[in-house]
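I opened the model today to look up its helices, its aromatic contacts and its surface. My notes follow in the order in which I checked things.

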Amino acid sequence: MESIRRQNPQAALMSLEAAAASARGGFACLFSTADEYESALITERRAQGRYTPSRSYWPLALFLGCALIVAGTVLLFG
């Protein structure tokens with residue numbers, strides 16, 4: 001603050017305006033709407049392969065296990 005008081009008021013004002021302009025530039029957004037952002041986000045995630053169905057055999061294994069338990073119970077008590 002002391003250095004601003006030593007400068008002339010015009011120079012101090014120009015310095016503050018330059019600092020404010022550079023601070024505003026740091027918060028600029030690449031997208032003008034939320035729809036653009038979401039579209040870009042989905043496109044990027046598709047490129048990464050996040051929306052592809054995974055191959056998991058757990059549901060099939062659990063179904064077969066339950067079917068064997070039911071069949072064993074029927075054979076045991078039937």
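I count a residue as buried when its relative accessible area is under 20%, as exposed when it is over 50%, and as partly exposed in between. With that cut-off I went through H4, and the count of buried residues among its 20 residues is zero. I noted this helix as hardly covered.

Confidence came next, since this is a predicted model. The mean pLDDT of the protein chain is 84, and 85% of its residues reach 70 or more. Among the elements, H4 has the highest mean pLDDT, at 95. Helix H1 (residues 2-6) has the lowest, at 56.

I then looked up the overall fold. I found four helices and zero strands in the protein chain. Along the sequence the pattern reads α-α-α-α.

How much of the chain counts as buried? I get 1% of the 78 residues. The accessible surface of the chain comes to about 7500 Å². Carbon and sulfur atoms hold 65% of that surface.

I checked two helices against their expected span. H3 covers residues 34-48, and its 15 residues at 1.5 Å each should span 21 Å. I find its end C-alpha atoms 21 Å apart, so the two values agree. H4 has 20 residues and should span 28 Å at the 1.5 Å rise. Its end C-alpha atoms are 28 Å apart, which again agrees.

I also looked at what follows H3. Gly 49 comes just after this helix and takes a positive phi of about 85°.

For aromatic contacts, I found one pair in the structure. Its members are Phe 31 and Tyr 37, with ring centres 5.6 Å apart. Why did I enter the pair as edge-to-face? The planes of the two rings stand at 70°, and a pair counts as edge-to-face over 60 degrees, so this one qualifies. Phe 31 has a relative accessible area of 28%, so I list this residue as partly exposed. Tyr 37 is partly exposed as well, at 44%.

Last, I searched the surface for nonpolar patches. One of about 480 Å² is made by Tyr 57, Leu 60, Phe 63 and Leu 64. I placed Phe 63 in helix H4, which runs over residues 58-77. Its relative accessible area is 58%, so I entered Phe 63 as exposed.

Conventions
Residues numbered from 1 in each chain as written. Predicted model: local features only at pLDDT ≥ 70, side-chain atom pairs only at ≥ 80, totals over all residues. Heavy atoms only, no water. Helix = DSSP H or I, 4+ residues; strand = E, 2+ residues; numbered from the N terminus. Expected span 1.5 Å × (residues − 1). Phe/Tyr/Trp six-rings, centres within 6.5 Å; stacked < 30°, edge-to-face > 60°. Buried < 20%, exposed > 50% of the residue type's maximum accessible area, 1.4 Å probe, protein only. Areas by Shrake-Rupley, 256 points an atom, 1.4 Å probe, with all protein chains shown as cover. Patch = residues over 30% accessible without salt bridge, like charges linked within 9 Å, V, L, I, M, F, W, Y side chains within 5 Å. Salt bridge = Lys/Arg side-chain N within 4 Å of Asp/Glu carboxyl O. pLDDT = per-residue confidence, 0-100.
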